[in-house]
Amino acid sequence: MKLRWLFPGLVGAWLLLTSIASATTLQSWRFDSRQNQLELSTDEEVQPRARLLYNPTRLVIDLPGTKLGRPKQTEAVSGKFATLRVAQFDRETTRVVLELDRGYTLDPKQIRVRYNSARQWIVELPPAKFSPLLATSEILPSQDIEVPQAPVAANPPVTATEVQPTPVNPGLRLPRSLSTGPSTVPNGRRVVVIDPGHGGPDPGAVGIGGLRETDIVLDISQQVTSLLEQQGITVILTRNGEYDLGLEPRVQMAERANATIFVSIHANAMPANRSDISGIETYYYNTGKQLAQVIHQTILEDTGARDRRVRQARFYVIRRTSMPAVLLEVGFVTGVEDAAQLSTPAYRSRMAAAIARGILRYLGQGG
């Protein structure tokens with residue numbers, strides 16, 4: 001379980017994520033009657049779908065993979081609009097419905113959907129007009145509204161051949177007892193994506209003594225990358241420094257490279273009064289169960305960390321990737337035991353070696 005900031009730097013605002021409620025969250029919505037526009041904000045990237053329905057006329061916007069996290073909300077709005085409703089349509093979708101007064105309609109060709117980012121969307125509406133046809137009981141077909149593709153931020157190159165190799169520390173090696181397999185890949189090209197969570201203005205969890213998740217996971221991820229490359233594995237590191245990187249670009253790196261597996265590395269957190277909690281958690285969504293089990297067991301064997309089990313969850317990066325994917329929580333920055341370990345370079349190197357050996361085991365290059 002981890003405390004996630006809704007917005008970096010927003011003091012006191014946080015969201016408690018669990019293995020069940022780990023989807024994108026609709027954080028705010030607002031209808032501006034003066035500008036005739038609807039504004040939506042989420043905590044992660046989303047690709048909306050929109051359509052216009054009739055009798056009564058209503059603009060329906062679906063946010064796939066998004067949770068509302070509260071009961072249905074209904075608000076009265078002004079002008080030719082009657083209500084704004086927001087509800088959990090199904091387990092995977094939050095639905096926003098802006099309903100007009102009976103008999104009024106919008107020209108669907110004049111509805112403009114645009115984004116400030118993939119987390120902030122604005123729907124600009126034309127003036128509502130009365131239509132005698134809509135005052136009848138006649139059922140009209142719905143009309144889809146064009147929605148642009150969510151933006152993908154400019155990022156480091158996304159294919160294995162374009163990625164600059166991570167500088168390798170010559171002194172960093174798998175311990176002899178962990179060394180595995182030949183130094184080249186025997187069964188064709190295999191690409192492993194290593195994804196250090198957070199970065200830049202988003203430090204992730206911050207724990208005891210100011211221990212930051214982003215610092216821990218970047219160090220471990222860079223070491224995992226070096227160890228795997230020494231074994232002949234092609235590795236893509238989603239970020240190799242402290243810069244902002246959204247969730248969808250991480251997924252796209254793996255998809256465009258046709259990666260064999262995807263491993264996202266994080267550190268966990270609990271409320272300050274639960275500093276007694278430490279341990280390793282590993283998450284998968286669908287096809288990554290075996291990968292999760294192998295890496296998790298290897299970490300337990302090689303580090304002696306407490307076992308908080310392999311769990312199924314809906315984290316964005318493991319839900320949206322098509323290859324086996326896992327999200328590793330390498331310990332609690334808020335836990336007295338884990339924080340003391342994770343703050344030392346020696347333990348981070350041991351953790352990196354364990355993750356690398358687990359990956360090699362899964363790929364059939366280790367025991």
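Me: Is R361 buried, exposed or partly exposed, and at what relative accessibility?
Reply: R361 counts as partly exposed, because its relative accessibility is 24% and buried would mean under 20%. This is a predicted model, and the values here are computed from it.

Me: Which residue does R361 form a salt bridge with?
Reply: The partner is E301. The closest N and O atoms of the two are 3.1 Å apart.

Me: And how accessible is E301?
Reply: E301 has a relative accessibility of 42%, so it counts as partly exposed.

Me: Where do E301 and R361 lie, and how far apart are they in sequence?
Reply: E301 is in helix α3 (residues 289–303), while R361 is in helix α6 (residues 345–362). The pair therefore ties together parts that are 60 residues apart in sequence.

Me: At what angle do α3 and α6 pack?
Reply: The angle is about 140°, and the axes are 8 Å apart.

Me: What word describes how α3 and α6 lie to each other?
Reply: Oblique. Roughly antiparallel is for angles over 145 degrees, and α3 and α6 pack at about 140°.

Me: Is the crossing of α3 and α6 left-handed or right-handed?
Reply: The crossing is right-handed.

Me: Which residues of α3 and α6 meet?
Reply: On the α3 side they include L291, V294, I295, T298 and I299. On the α6 side they include Y347, M351, A354, I355 and I359. E301 and R361, the salt-bridge pair, are also among the residues that meet.

Me: Back to salt bridges. How many are there?
Reply: The count comes to 18.

Me: Which residue does R306 form a salt bridge with?
Reply: R306 pairs with E337, and their closest N and O atoms are 2.9 Å apart. R306 sits in the loop between α3 and β20 (307–312), and E337 is in helix α5 (residues 336–342). The two residues are 31 residues apart, and the pair links distant parts of the chain.

Me: Are R306 and E337 buried or exposed?
Reply: R306 counts as partly exposed at 47% relative accessibility. E337 is partly exposed too, at 34%.

Me: Which residues do shared salt-bridge partners join into one network?
Reply: R30, D32, R34 and E39 are joined into one network by salt bridges that share partners.

Me: What is E39 separated from by 4.6 Å, C-alpha to C-alpha?
Reply: I122. The two residues are 83 residues apart along the chain. I122 is found in strand β13 (residues 120–124).

Me: Is I122 buried or exposed?
Reply: I122 is buried, with a relative accessible area of 8%. Leaving out residues up to four places away in sequence, I122 touches Q37, L38, E39, R112, V113, R114 and N116.

Me: New topic, the open sheet. In what order do its six strands come?
Reply: The order is β8-β9-β10-β6-β5-β15, and the pairing is antiparallel.

Me: Which strands are at the edges?
Reply: β8 (73–76) and β15 (143–145) are the edge strands, each pairing on one side only. On average, neighbouring strands of this sheet are turned by 20° against each other, direction ignored.

Me: How many bridges join β8 to β9?
Reply: Four bridges join β8 to strand β9 (residues 81–90). Q73 stands opposite V86 in β9. The two strands form a hairpin with four residues between them, and G79 in the turn has a positive phi of about 75°.

Me: And β9 to β10, how many bridges there?
Reply: Eight bridges, with the strands running antiparallel. R85 stands opposite V97 in β10. Another hairpin makes the connection here, joining β9 to β10 through two residues.

Me: How many bridges join β5 to β6?
Reply: Five, between β5 (residues 49–53) and β6 (residues 58–64). In this pair, A50 stands opposite I61 in β6.

Me: Which residue in β6 forms a salt bridge with R95?
Reply: D62 does, with the closest N and O atoms 2.7 Å apart. R95 is in strand β10 (residues 93–100), D62 is in strand β6, and the two are 33 residues apart.

Me: Are R95 and D62 buried or exposed?
Reply: R95 counts as buried at 16% relative accessibility. D62 is buried as well, with a relative accessible area of 8%.

Notes
Residues numbered from 1 in each chain as written. Predicted model: local features only at pLDDT ≥ 70, side-chain atom pairs only at ≥ 80, totals over all residues. Heavy atoms only, no water. Pairing = 2+ DSSP bridges. Axes fitted to C-alpha atoms, helices over the stretch in contact; angles between N-to-C directions. Salt bridge = Lys/Arg side-chain N within 4 Å of Asp/Glu carboxyl O. Buried < 20%, exposed > 50% of the residue type's maximum accessible area, 1.4 Å probe, protein only. Parallel < 35°, antiparallel > 145°, perpendicular 65-115°, else oblique. Left-handed = near helix turned anticlockwise from the far one by under 90°. Contact = heavy atoms within 4.5 Å.
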